[in-house]
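Here is a short report to read alongside the sequence and the structure. Please keep both in view as you go.

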Amino acid sequence: MDRSELTQVVGLYLLAMVTLTCDFSGFTFPASIFGGLAQIISYAVMVIAPSYVIADIAVQLTGS
């Protein structure tokens, strides 16, 4: 993984953390759908981003 790819993954992870700490309960109908969608995507990023980095480290260590 090169440096720019790593910064993008870390940036997505940090953005997901910020999104999950936001309170979207006060939004009305159109915005509430996007708020719920943002939280679902943030949960997925919180799982996928660290596993992507760990998998890349494992591949580099094993030399595959």
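Where is the place of Thr19? In this predicted model, Thr19 sits in helix H1.

**Thr19 and its surroundings**

With a relative accessible area of 15%, Thr19 is buried, because buried means under 20% relative accessible area. Leaving aside residues up to four places away in sequence, Thr19 touches Phe24, Ala38 and Ser42. You can also look at Tyr43: 24 residues along the chain separate Thr19 and Tyr43, and their C-alpha atoms are 9.5 Å apart.

**The helix as a whole**

Helix H1 covers residues 3-21. H1 has 19 residues, and from its first C-alpha to its last it reaches 27 Å, close to the 27 Å expected at 1.5 Å a residue. The buried residues of H1 are Val9, Ala16 and Thr19. They lie on the same side of H1, because they cover an arc of only 90 degrees around the axis. Helix H2 (29-62) is included in what covers the buried residues of H1. On the other side of H1, Arg3, Leu15 and Thr21 are exposed.

Two residues of H1 can be set side by side:

| Residue | Relative accessibility | Class |
|---|---|---|
| Thr19 | 15% | buried |
| Leu6 | 37% | partly exposed |

**A nonpolar patch**

Leu6 is placed in H1 too, and at 37% relative accessibility it counts as partly exposed. Which residues form a nonpolar patch on the surface together with Leu6? They are Val10, Leu14 and Met17, and the four have about 320 Å² of accessible area together.

Definitions and conventions:
Residues numbered from 1 in each chain as written. Predicted model: local features only at pLDDT ≥ 70, side-chain atom pairs only at ≥ 80, totals over all residues. Heavy atoms only, no water. Patch = residues over 30% accessible without salt bridge, like charges linked within 9 Å, V, L, I, M, F, W, Y side chains within 5 Å. Areas by Shrake-Rupley, 256 points an atom, 1.4 Å probe, with all protein chains shown as cover. Salt bridge = Lys/Arg side-chain N within 4 Å of Asp/Glu carboxyl O. Helix = DSSP H or I, 4+ residues; strand = E, 2+ residues; numbered from the N terminus. Buried < 20%, exposed > 50% of the residue type's maximum accessible area, 1.4 Å probe, protein only. Expected span 1.5 Å × (residues − 1). Arc of directions from axis to C-beta. Contact = heavy atoms within 4.5 Å.
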